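Here's a quick tour for anyone opening this one up for the first time. Have a look at the chain, then we'll walk through a few spots in it.

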Amino acid sequence: TAASAPPAHTGEGQQGWFSARNGSGSSLDLESVVQPLALNPWDVALCISGTIISCENAVVVVVIFYTPAFRAPMFLLMGSLATADLLAGLGLILHFAFVYFTPSEAVSLLTVGLLVTSFTASVCSLLAITIDRYLSLYNALTYYSERTVTRTYIMLILTWGASICHGLLPEPSACSVVRPLTRSHLVLLSASFLAVFAVMLQLYVQICRIVCRHAHQIAVQRHFLASSHYATTRKGIATPAVLLGTLASCWLPFAVYGLLGDCSSPALYTYATLLPATYNSVLNPVLYAFRNQEIQKVLWAVCCGCCSPTLPFRSRSPSDV
């Protein structure tokens, strides 16, 4: 889950996206600002991060949307992830622009709601992809069926429905480390992320077990050497470890801080935990989309202009990507 970009009380007369209610900077509040604000480096870094996120994920969304062959469940889930990250990147840019160039409390609240919704959808899409990968291994014989397509659409509806509900912001009257979110709202977001991460961890443990079992069966049937079996198993375990490790390193610090921090905590702590969280949306296209061989083929075809990106191909199982 996610929250809006936080405040920075960087000095007398200098404000970031959020300003302190009093001179002590112990409480952070969103408010309209009529005088020009001095640029905060943290805000600039978040805006740059949003620009990179938008560019990367726009490429993924366009490729998936305009390629008829990418209608398989795994590509629909990948498109959901890219769309969520794209909206998150645009939300970071818009929030920066509205705060520094056309200050408006109402518009800033809307962009905060967009950020909460899109980051929540991003994490929930990661969970949906993990579920899809697990089922593709656990039910390999029945995966390619209408039932899988129906399940995919149900997961998409639940993902975006839950994300929109999380993005419905309360009135900006209570205090938390990330205003205008109330502390109870932020705790809910943090707890939801921890729950999603726990489920993903359990699913990836099961995926690793299935991969190891399959590798052992193949090694026995084909009389592979022990070293070959070890290499295959290590490769099957390395990918889940990288995916989970990236998600944990990006989001866990902010989720834990959202549970433990209070309105007296320095704004620097919020920035220092939220900025790395945005990096997850930077890395998602690399880890989930650009590693896919079919998407690579389309991108190379578009860049080289030597063949049509709509050529048919046999889509691989999501467990392979």
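Let's start with L243, which sits in helix α6 (residues 226-260). Keep in mind that this is a predicted model. Is L243 buried or exposed? L243 counts as buried, because its relative accessibility is 5% and the cut-off for buried is under 20%. Setting aside residues up to four places away in sequence, L243 touches R133, Y204, L287 and Y288. There's also L283 to look at: L243 and L283 are 40 residues apart along the chain, and their C-alpha atoms are separated by 9.7 Å.

Now step back to the whole chain. It has eight helices and two strands, and if you read along the sequence, the two strands come before the helices, in the pattern β-β-α-α-α-α-α-α-α-α. Of the 321 residues, 49% are buried. The accessible surface comes to about 14900 Å², and carbon and sulfur atoms account for 68% of that. As for contacts with a separation of 6 or more, 76% of them join residues that are 24 or more positions apart.

How far can you trust what you see? The mean pLDDT of the chain is 79, with 74% of the residues at 70 or more. Among the elements, helix α1 has the highest mean pLDDT, 94, while strand β1 (residues 19-20) has the lowest, 34. Two stretches stay under 50. One is residues 1-34, for which the model has 111 contacts beyond four places in sequence. The other is residues 307-314, with ten such contacts.

An unreviewed UniProt entry carries the annotation "transmembrane region" for several stretches, including residues 184-205 and 237-256. Here is how those two look in the model:

| Span | Helix | Strand | Distance between end C-alpha atoms |
|---|---|---|---|
| residues 184-205 | 100% | 0% | 31 Å |
| residues 237-256 | 100% | 0% | 27 Å |

Next up is S122, in helix α3 (residues 105-138). S122 counts as buried too, since its relative accessibility is 2%. What does S122 contact, leaving aside neighbours within four places in sequence? The list is L81, A84, D85, S281 and N284.

Helix α3 also holds one half of a salt bridge. How many salt bridges does a search of the whole structure find? Just one turns up. In it, the side chains of D132 and R151 meet at 3.8 Å, N to O. The pair links distant parts of the chain, with D132 in helix α3 and R151 in helix α4 (residues 146-167), 19 residues apart. The two partners have their own surroundings: D132 is buried, because its relative accessible area is 1%, whereas R151 is partly exposed, with a relative accessible area of 22%.

Last stop: the surface. V62, F65 and Y66 make a nonpolar patch of about 370 Å². V62 belongs to helix α1 (residues 41-65). Why can V62 be part of a patch? V62 has a relative accessible area of 45%, so it is partly exposed, and a patch residue needs over 30%.

Terms used: Residues are numbered from 1 along each chain as its sequence is written. This is a predicted model: local features need pLDDT of at least 70, side-chain atom pairs count only at pLDDT 80 or more; totals for chains, interfaces and linings use all residues. Side-chain values use heavy atoms; hydrogens and water are left out. Patches are made of residues with over 30% relative accessible area and no salt bridge: like charges are joined within 9 Å, nonpolar side chains (Val, Leu, Ile, Met, Phe, Trp, Tyr) within 5 Å. Accessible areas come from the Shrake-Rupley method with a 1.4 Å probe; for residues, only the protein chains shown count as cover. A salt bridge is a side-chain nitrogen of Lys or Arg within 4 Å of a carboxyl oxygen of Asp or Glu. Helices (H or I, at least four residues) and strands (E, at least two) are DSSP runs, numbered from the N terminus. Buried means under 20% relative accessible area, exposed over 50%, partly exposed in between (1.4 Å probe, protein chains only). pLDDT is the predictor's confidence in each residue, from 0 to 100. Contact means heavy atoms within 4.5 Å. UniProt positions are given in the numbering used here, feature names are shortened, and annotations may be inferred rather than shown by experiment.
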